[in-house]
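This report is written for a reader meeting the structure for the first time. It begins with one residue and then widens to the sheet, the helices and the core.

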Amino acid sequence: MQSSRKDDILEITLEGDLVASNLEEQDATLRKLLAEQSGVAQLHLNLGNVVEIDSLGVNLVVALYKELKLKEITFAVTNTSRQIKNLFNEDVEYEQNNNV
């Protein structure tokens, strides 16, 4: 996992897949990177190097979005493959249709 910062925008690039077998490690590293930064107004989560993501990985990203929204930090997922983008679109449509 790599991070870079320009002004108040933090970009975190995930390495490896977001699947159950490595999710705990990915989550801990992600949260550590966020905790080390102050004054962040935007977080860009770059998934360009992520090939596979399962439902737990989607849940991690959605939970991160919800936490950042409460802190009024803008969140964007960037550089996703079409397959991964479709997973997130399906999740958003589900939440909208089921008032989650």
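In this predicted model, Thr-13 counts as buried because its relative accessibility is 12%, which falls under the 20% limit used for that term. Thr-13 is found in strand S2, and, when its neighbours within four places in sequence are left aside, Thr-13 is in contact with Met-1, Gln-2, Asn-46 and Asn-49.

The strand that holds Thr-13 belongs to an open sheet of four strands, arranged in the order S1-S2-S3-S4 with mixed pairing. The edge strands, each pairing on one side only, are S1 (2-6) and S4 (74-78). On average, and with direction ignored, neighbouring strands of this sheet are turned by 15° against each other. Between S3 and S4 the pairing is parallel and runs over five bridges, and Gln-42 stands opposite Thr-74 in S4.

Two helices are placed against these strands, as the table sets out.

| Helix | Strands involved | Angle |
|---|---|---|
| H1 | touches S1, S2 and S3 | about 160° with the direction of S2 |
| H2 | lies across S3 and S4 | about 155° to S4 |

The helices and strands also contribute to the largest nonpolar core, which has 23 residues, and within which Ile-12, Leu-18, Leu-43, Leu-45 and Leu-64 touch the most other members. Strand S2 (9-13), helix H1 (23-35), strand S3 (42-46) and helix H2 (55-70) each supply at least two residues of this core, and the largest share, six residues, comes from H2.

Which residues does Leu-18 touch, not counting those up to four places away in sequence? They are Leu-23, Gln-26, Leu-47, Val-50, Glu-52, Ile-53, Asp-54, Gly-57, Leu-60 and Val-61. Leu-18 is also one of the core residues that touch the most other members.

A last point concerns the confidence of the prediction. The chain averages a pLDDT of 83, and 87% of the residues score at least 70. Over residues 92-100, however, the pLDDT is below 50, and this stretch has four contacts in the model beyond near neighbours in sequence. Where pLDDT is low, the predicted coordinates should not be read in detail.

Note on methods. Residues are numbered from 1 along each chain as its sequence is written. This is a predicted model: local features need pLDDT of at least 70, side-chain atom pairs count only at pLDDT 80 or more; totals for chains, interfaces and linings use all residues. Side-chain values use heavy atoms; hydrogens and water are left out. A nonpolar core is a set of buried Ala, Val, Leu, Ile, Met, Phe, Trp, Tyr and Cys residues joined through side-chain atoms within 4.5 Å. Buried means under 20% relative accessible area, exposed over 50%, partly exposed in between (1.4 Å probe, protein chains only). Contact means heavy atoms within 4.5 Å. pLDDT is the predictor's confidence in each residue, from 0 to 100. Two strands pair if DSSP finds at least two bridges between them. Axes are lines fitted to C-alpha atoms, for helices over the stretch in contact, and angles run from 0 to 180 degrees between N-to-C directions.
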